[in-house]
Each structure stands twice: as C-alpha cells, then as structure tokens.
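Q: Hey, can you walk me through this protein? I'd like to start with the cysteines and then look at the pockets.
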Amino acid sequence: MPLSKVSRQKLNTCHSDLIRLIEAVAETEKCAVICGFRGRYEQEKAYNTGKSKAKFGQSKHNLKPSRAVDVVPLPLNWDDIPAFERLGEKIMAKAEELNIKVKWGRDFTNLKDYPHYELIG
C-alpha cells in the first residue's frame, strides 16, 4: 500500500532507519505517517495539549533527522485501539526482522502513545 504524498513528506524528515522500517511496513499495511520532525511550535503545542510529556528539545521528534515517527492505521479511528495494536505488532516485528532497535509509545509508563515509534540509542 503506497504511502500518500503527505505521509511520504513527513516520513522523509526521519532518520533513514525509520524510513526503511515504515516503507517496509507500508508495503503490506494501510497506514499513514502523521508526524516525523516536530519543530518548537508543534512540540510546545503537543505538550500544552497533553499529547506529549516532552517539552521542545526533550523529544526525539525534535532532532534532525527525527529519531521518532508517529504512524496510524487506515482507515483512522482513534477509538479503535485493537487496530493500533495490530499495526504496532507488525511494525515491531518488521523492526526486529530489519534489526532496527525501536521503542513503541504504547509501552511508555506515563502516556500510552500508540502511534509513536522511536529509535533506541
């Protein structure tokens, strides 16, 4: 399933390992990239609205290239947690297959962030 132009643009702001990972997953899964690099304004907005626990400079989204990516299943239904779980399991399995070390935001202790994947290290 090809990524949309907007998803591709957001993914292209990410580290090459994340690009490789999400491109591989998108070959078989319908998904969209909703965030790669996040600048000061976007990060502070995410923090102030409770969508992130990190202030600007504390998130891997704030690095260039971004060491974090947010990916959602399509069609998008924010209440369909099982769809996020299914996509997440595919992403984590593909990461292991490609030997890319990532952490899934679902496993965070202070905020369940199902769309979030970040490089470890």
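A: Sure. First, a disulfide is a pair of cysteine sulfur atoms within 2.5 Å. Also, keep in mind that this is a predicted model.

Q: Okay, how many disulfides does a search of the whole structure find?
A: Zero.

Q: Why is cysteine 14 not bonded to the closest cysteine?
A: Because the gap is too far for a bond: its sulfur is 7.8 Å from the closest cysteine sulfur, which belongs to cysteine 35. Seen from the other end, cysteine 35 is in no disulfide either, with the sulfur of cysteine 14 as its nearest.

Q: Is cysteine 14 buried or exposed?
A: Buried, at 4% relative accessibility. Cysteine 35 counts as buried too, with a relative accessible area of 12%.

Q: Switching to pockets. What volume does the largest pocket have?
A: About 820 Å³. It is lined by 34 residues, and the closest to its centre are Arg38, Ala46, Lys51, Asp70 and Asp113.

Q: Which element gives the largest share of that lining?
A: That's α3, with three residues. The elements that give two or more residues are β1 (31-35), α3 (40-48), α4 (81-97) and β4 (116-119).

Q: And what kinds of residues are in the lining of the largest pocket?
A: Twelve nonpolar, eleven polar and eleven charged.

Q: What about the second largest pocket, what's its volume?
A: About 160 Å³. Its lining includes Glu29, Pro73, Asp80 and Lys90. Here α4 gives the largest share, four residues. By type, the lining splits into five nonpolar, one polar and five charged.

How values were computed
Residues numbered from 1 in each chain as written. Predicted model: local features only at pLDDT ≥ 70, side-chain atom pairs only at ≥ 80, totals over all residues. Heavy atoms only, no water. Buried < 20%, exposed > 50% of the residue type's maximum accessible area, 1.4 Å probe, protein only. 1 Å grid on protein atoms, 1.4 Å probe; cavity = no way out; pocket = protein on both sides within 12 Å on 5 of 7 lines; lining within 4 Å. Points joined across faces, edges and corners; volume = space filled by probe spheres on them. Nonpolar A, V, L, I, M, F, W, Y, C, P; charged D, E, K, R; others polar.
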